[in-house]
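Reader: Could you walk me through this one? I'd like to hear the reasoning behind the labels.

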Amino acid sequence: SYPHLKIAIEYDGDHHRTDKQQWRRDRARDEGLRHAGWIVITLTADDVFKRPQQTVDRIMHYYRRRSAALTQAA
């Protein structure tokens, strides 16, 4: 995560998809973070292992956007 930018990055393995309780907890946590102004980026195995550059680009997009917003607000 990048707490100073309110960006959370999480990895959802298969158990997040197949375990209903885990899935519900994850969604509730994500909703709470978003309500508090965080960007939540959820990654899967495909994101990490099959599309690593696209995943880094995706994260950097939000990182740059939030960094620019902080700079403008200062």
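Author: Here are some questions and answers on this predicted model.

Reader: What makes up the overall layout of the chain?

Author: There are 4 helices and 2 strands, and along the sequence they run β-α-α-β-α-α. The C-alpha trace spans about 45 × 30 × 10 Å along its principal axes.

Reader: Why is Tyr 11 called partly exposed?

Author: Its relative accessible area is 41%. Buried means under 20% and exposed means over 50%, so Tyr 11, at 41%, falls in between and gets the middle label. You'll find Tyr 11 in strand 1, residues 7–11.

Reader: And what makes the nonpolar surface patch there?

Author: Tyr 11 joins Val 48 and Phe 49 in a patch of about 320 Å². Patch residues need over 30% relative accessible area, and Tyr 11 has 41%, so Tyr 11 clears that cut-off.

Reader: Which residues make up the largest nonpolar core?

Author: That core has 6 residues: Leu 5, Ile 7, Ile 39, Ile 41, Leu 43 and Ile 59. Strand 2 (residues 39–43) gives the largest share, 3 residues. To count as core, residues must be buried and joined through side-chain atoms within 4.5 Å.

Reader: What is Ile 39 in contact with, leaving aside neighbours within four places in sequence?

Author: Lys 6, Ile 7, Ala 8, Tyr 62, Arg 65 and Arg 66.

Reader: How much of the chain is buried?

Author: Buried residues are 23% of the 74 in the chain. The accessible surface comes to about 5500 Å², with 55% of it belonging to carbon and sulfur atoms.

Terms used: Residues numbered from 1 in each chain as written. Predicted model: local features only at pLDDT ≥ 70, side-chain atom pairs only at ≥ 80, totals over all residues. Heavy atoms only, no water. Patch = residues over 30% accessible without salt bridge, like charges linked within 9 Å, V, L, I, M, F, W, Y side chains within 5 Å. Areas by Shrake-Rupley, 256 points an atom, 1.4 Å probe, with all protein chains shown as cover. Salt bridge = Lys/Arg side-chain N within 4 Å of Asp/Glu carboxyl O. Buried < 20%, exposed > 50% of the residue type's maximum accessible area, 1.4 Å probe, protein only. Contact = heavy atoms within 4.5 Å.
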